[in-house]
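Biologist: I have a structure to discuss before planning my next session at the bench. Could we go through it together?
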Amino acid sequence: MSRNPTIRSVRLRRSVLSVPAINSRALEKTHAVDCDAVIFDLEDSVAPEKKAEARENLRNFFSARPLQGKERIIRINSLSTDFGLADMELVTALGPDAVLLPKVDEPQDVMALSDLLSEADAPEDLRIWAMIETPRGILNAAVIAEAGRTPRLDCLVVGLNDLRKETGVLPQPGRAYLVPWLMQVVLAVSAYGLDAIDSVFNDFRDEQGFDAECLQGRAMGFAGKMLIHPAQIEPANRHFGPDPAAIAEAEAIISAFADPASDGLNVINAGGRMVERLHLVQAESLVHKARLIAARQAAARKTM
């Protein structure tokens, strides 16, 4: 008998904005933008001689005015470096929602980070996100996702810039030569109940190209997209959010299974098509996301 994947708590991850921790002005602007999550980056966007300053910026930001209504993720440097160990001291002190580990090649990388968090008595709800951005990471996506059987691993984030650099694949529209690798990550997270976040789109001025890539990522099954500029937030929210027709269909499925006549049935007739209980789980997740979006929009209107 097949084993169902572990179902994690449903989170909005349509738009995941990456912000360099060295940029104090950009950090402050995260309070006003409408993204679902913010990655505070201590790694690639921070020069080696600026790492300590970036950590101090982040410490001041977290203590001055906590970020509300958005998932907070800190991307650390590799644990094989002195920067990574210093970053982890900051993570355990600040208590974000998740820590993003770069260049994950194998499940042992995730387990080492999980052990560090446990040794530091970090709360169980401090999750791990893993960057899949190397050939070995793509090849090992399934066994890395399987590490999600531990409580902390929650999300895989694809990093195509490093992957292109290491493989020589050119950055062409449509990502034809990258699609098999992207789908490998989506398949891996689907097997183990995690989320997958699509890679950044580098030219934030190319609105048509970004729209096309969002539509492609949504069709592939990604939960959202990693962003490099606030201008990308609105289209990402729109493309990765549930559309009204999908919400109406999900509500109809939930209503059909709530009918007493459906008690004890794993397959029912809903609107002229056969629907299984696994579709009920998917429908409940989608409706929950729609309600989270509506609640955020209502809260934003109150502050205007």
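Biologist: To begin with the cysteines, how far is the sulfur of Cys155 from the closest cysteine sulfur?
Modeller: Please note that this is a predicted model. The closest cysteine sulfur to that of Cys155 belongs to Cys35 and lies 14 Å away, which is too far for a bond because a disulfide requires the two sulfur atoms to be within 2.5 Å.

Biologist: How many disulfides does the structure hold?
Modeller: The structure holds zero disulfides. Cys35 is in none, and its nearest cysteine sulfur, that of Cys214, is 14 Å away.

Biologist: Is Cys35 buried or exposed?
Modeller: Cys35 is buried, at 0% relative accessibility. Cys155 is also buried, with a relative accessible area of 0%.

Biologist: Turning to the fold, in what order do the strands close into a barrel?
Modeller: Eight strands close into the barrel in the order E1-E2-E3-E4-E5-E6-E7-E8, with parallel pairing. From one strand to the next, the twist averages 25°.

Biologist: How many bridges join strand E1 to strand E2?
Modeller: Five bridges join them, with E1 covering residues 15–20 and E2 covering residues 37–41. The two strands run parallel. As an example, Ser18 has Ile39 in E2 as its bridge partner. As background, strands of a sheet pair through backbone hydrogen bonds, either parallel or antiparallel.

Biologist: What about the interior: how many residues has the largest nonpolar core?
Modeller: The largest nonpolar core has 62 residues. Phe40, Leu58, Ile74, Val99, Leu117 and Leu156 have the most contacts inside it. Helix H8, residues 179–192, gives the most to this core, with six residues. A second, separate core has 14 residues, among them Val16, Val157, Ile197 and Val200. In soluble globular proteins, nonpolar side chains tend to be buried together.

Biologist: Which residues does Ile74 touch?
Modeller: Leaving aside residues up to four places away in sequence, Ile74 touches Phe40, Leu42, Leu58, Phe62, Val91, Leu94, Pro96, Ala98, Val99 and Leu100.

Biologist: Now a polar residue: where is Gln216?
Modeller: Gln216 sits in helix H9, which spans residues 207–220. With a relative accessible area of 18%, Gln216 counts as buried, because the cut-off for that class is under 20%.

Biologist: What does the side chain of Gln216 reach?
Modeller: The side chain of Gln216 reaches the backbone oxygen of Gly174 at 2.8 Å. It also makes a polar contact with the side chain of Arg175, at 2.8 Å. Not counting residues up to four places away in sequence, Gln216 touches Gly174, Arg175 and Val179.

Biologist: Where is Arg175 found, then?
Modeller: Arg175 is in the loop between helix H7 (160–167) and H8. Arg175 is buried, with a relative accessible area of 2%. Its phi is positive, at about 50°, although Arg175 is not a glycine.

Biologist: Why remark on the sign of phi?
Modeller: Most residues other than glycine have a negative phi. Asp121 also has a positive phi, near 60°, and is a residue other than glycine.

Biologist: Is Asp121 buried or exposed?
Modeller: Asp121 is exposed, with a relative accessible area of 68%. Asp121 is found in the loop between helix H4 (107–119) and strand E5 (127–132).

Methods:
Residues are numbered from 1 along each chain as its sequence is written. This is a predicted model: local features need pLDDT of at least 70, side-chain atom pairs count only at pLDDT 80 or more; totals for chains, interfaces and linings use all residues. Side-chain values use heavy atoms; hydrogens and water are left out. Helices (H or I, at least four residues) and strands (E, at least two) are DSSP runs, numbered from the N terminus. Buried means under 20% relative accessible area, exposed over 50%, partly exposed in between (1.4 Å probe, protein chains only). A polar contact is a pair of N or O atoms within 3.5 Å; within protein, one must be able to donate a hydrogen and the other to accept it, and residues adjacent in sequence count only if both atoms are side-chain atoms. Contact means heavy atoms within 4.5 Å. Two strands pair if DSSP finds at least two bridges between them. Axes are lines fitted to C-alpha atoms, for helices over the stretch in contact, and angles run from 0 to 180 degrees between N-to-C directions. A nonpolar core is a set of buried Ala, Val, Leu, Ile, Met, Phe, Trp, Tyr and Cys residues joined through side-chain atoms within 4.5 Å.
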